[in-house]
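Subject: A structure for you to explore

Hi there,

Here is the structure I promised to pass on to you. Have it open while you read, and I will walk you through what turned up.

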Amino acid sequence: MNKFPEHFIFGAATAAYQAEGALSIGNRGKNYWDDYLKKTGTFDPSQASDFYNRYAEDLQACHQFGINGIRISIAWSRIFPSGREKVDPIGVQFYHRLIDSCIKNGVTPFVTLHHFDTPEKQFKDGDWLSANMVDDYVDFAQFCFEEYEDKVKHWITINEPWSVVAGQYIIGHFPPNNQYELGKAIQSMHNMMVAHARVVKKYKEANYQGEIGIVHILESKYGITDQREDSLSAKKEHILANQFLLDATFKGEYSAETMRVINEILSANGAQLELKIEDFDHLKEAAKMIDFLGVNYYASHFLKGYTGTSKIQHNGTGEKGSSIFALQGVGERVTNPVIPTTDWDWPIYPQGLEDMLLLIKQNYPNYGKIYVTENGLGSKDHFEAGQINDEERIDYVRLHLAAILRAIDQGVRIEGYFIWSLMDMFSWTNGYNKRYGLFYVDFDTQQRFPKKSAYWYQKISKEKVLDQPIKNETSEK
């Protein structure tokens, strides 16, 4: 059928550093992006989308356009300028006002505690590779729970552990800009999952009246052919980027298959993983307590067998066909000629979302419920004659909403969809030329303009009916 459940959330997503700007207001401390971006001179996030000052306007637009849920994040260094101990009341009160405005406009806030923005001190001390960082994060989370417990009923511990480590230690386009350090990447993911587990336990043991989950970016992996080496490469990348994290989330341990493949990857890259017995005590307890999984999905990947050394070229400019991604001991991503791609070389493959949702249902039956917490199309939108005609975004979202409906029909419990993003925002490695928003932002004036997609999304949200059949038109690899 084409109809969404009556309680289904049609939301939109943001992130503090990408939207707020106002980097010098209050006693906000630096995070690891501030000096890095200033030093490189590539992009200026100091104003971003000025959400810090314009949130009331943006939330009124949410109400007007039928957006009844929003992902926001709390910038850790606005609350604790040094990442720990001393609190800045200006930051604390800002998030009270923001959350109050969400509630006033009938927009349910889903609040993320870590969205790619570790404070500078904790970053310099090792970020997620440091046990002290994990302790500081748990303290920060507990403060937020206590401060906002009567207002926030949906908490997200960490956004996209895989993206964090891929950026920091594999691709090298997030500080500290290391490449091909798969040992650090895997260790950091494990430590993030332990931090997540400790925070889930804190929340549930305090009996707060709400729900808590984690957001993973989950991209299905397929062999480019049915040959064994291609299928094996797809399996290895799936285990590295998806299964390792899902096992930790819902099993509280890593399966024998997961560890066998992870150890093969580590061995091929001359690295080892440190696992502590107490880590799994936390993981196993949290696996029984977690309320939901947030799934971020933009693309899937096709792989072929690869025996060379790692080589990566990140397409951050929108020059189509320029990306390269091959990992030693894993495989090489390749273009599938029958699958369209964005200007940033991301395959447009909604079947991958359906496949992933069904995989979660089958392999992790204790998942509880799922929100698709990010999905959207990055495009070089053009403002012409007072309008932004982004039909390609509408087509993209329509296909992925159809995939969600097909998954619901097959018994997957999905309770909401959050388009990335509410408005055009600062992008970590693209600055401002890659736009995702339902609302176009003129970054010179900060004026907002609804795109054609905003009006389309408004209609879908109001009627809760997809405006085209949901048959699968992209099943061919």
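Strands E12 and E13 pair in the parallel sense, with 4 bridges between them. One place to see this is Asn375, whose bridge partner in E13 is Ile419. Before you go further, please keep in mind that this is a predicted model.

E13 also pairs with E1: these two strands run parallel and are joined by 5 bridges. Look for Ile9, which stands opposite Gly416 in E13. How many of the residues of E13 are buried? The count is 7 of the 7 in residues 414-420, so strand E13 is largely enclosed by the rest of the structure.

Now follow the strands around. E1, E2, E3, E4, E5, E7, E12 and E13 make up, in that order, a closed barrel of 8 strands with parallel pairing. On average, neighbouring strands in this sheet are turned by 25° against each other, direction ignored. Another pair to find in the barrel is E5 (residues 211-217) with E7 (residues 292-296), which run parallel and share 5 bridges. There, His216 in E5 has Val295 in E7 as its bridge partner.

Helices lie across some of these strands. Helix H7 (residues 131-148) lies across E4 (154-159) and E5, and it runs at about 160° to E4. Helix H15 lies across E1 and E13, at about 150° to E1.

There is a second sheet to look at, and this one is open. Its 5 strands come in the order E6-E8-E11-E10-E9, and the pairing is mixed. Which strands stand at the edges? They are E6 (221-223) and E9 (311-313); each has a single partner strand, so one side of each is left without a neighbour in the sheet. From one strand to the next, the twist averages 35°. E9 and E10 (residues 324-327) run antiparallel, joined by 3 bridges. Within that pairing, Ile312 has Phe325 in E10 as its bridge partner.

Next, the aromatic rings. A search of the whole structure finds 48 aromatic pairs. One of them is Phe10 with Tyr457: the ring centres are 6.0 Å apart and the planes stand at 80°, so this pair is edge-to-face. Why does this pair tie together parts that are far along the chain from each other, 447 residues apart in sequence? Because Phe10 lies in strand E1 (residues 9-13) while Tyr457 lies in helix H15 (residues 452-463). Are these two residues buried or exposed? Phe10 counts as buried, at 0% relative accessibility, and Tyr457 is buried too, with a relative accessible area of 1%.

Phe383 and Tyr440 form another edge-to-face pair, at 5.3 Å centre to centre and with 65° between the planes. Phe383 is in the loop between strand E12 (370-375) and helix H14 (391-409), and Tyr440 is in strand E14 (residues 439-442), so the pair ties together parts that are 57 residues apart in sequence. Phe383 is partly exposed, with a relative accessible area of 32%, whereas Tyr440 is buried, at 12%. Tyr440 has a charged companion as well: the charged end of Arg435 sits over its ring, 4.1 Å from the centre. In a similar way, Lys434 lies over the face of Trp346, at 3.9 Å from the ring centre.

You can also look for an aromatic cluster, whose members include Tyr17, Tyr32, Trp33, Tyr36, Phe123 and Trp428.

That brings us to helix H2 (residues 32-40), where the buried residues are Tyr32, Trp33, Asp34 and Leu37. What covers the buried residues of H2? The cover includes helix H1 (16-19), helix H6 (120-124) and helix H8 (161-170). Both ends of this helix are worth a look. At the N-terminal end, Asn31 acts as a cap, with a side-chain oxygen 2.8 Å from the backbone nitrogen of Trp33. Just after H2, Gly41 takes a positive phi of about 65°.

Happy exploring, and write back with any questions!

Best wishes

Technical notes:
Residues numbered from 1 in each chain as written. Predicted model: local features only at pLDDT ≥ 70, side-chain atom pairs only at ≥ 80, totals over all residues. Heavy atoms only, no water. Phe/Tyr/Trp six-rings, centres within 6.5 Å; stacked < 30°, edge-to-face > 60°. Buried < 20%, exposed > 50% of the residue type's maximum accessible area, 1.4 Å probe, protein only. Lys NZ or Arg CZ within 6 Å of the ring centre and 35° of its normal. Contact = heavy atoms within 4.5 Å. Polar contact = N/O pair within 3.5 Å; in protein donor to acceptor, adjacent residues only side chain to side chain. Pairing = 2+ DSSP bridges. Axes fitted to C-alpha atoms, helices over the stretch in contact; angles between N-to-C directions.
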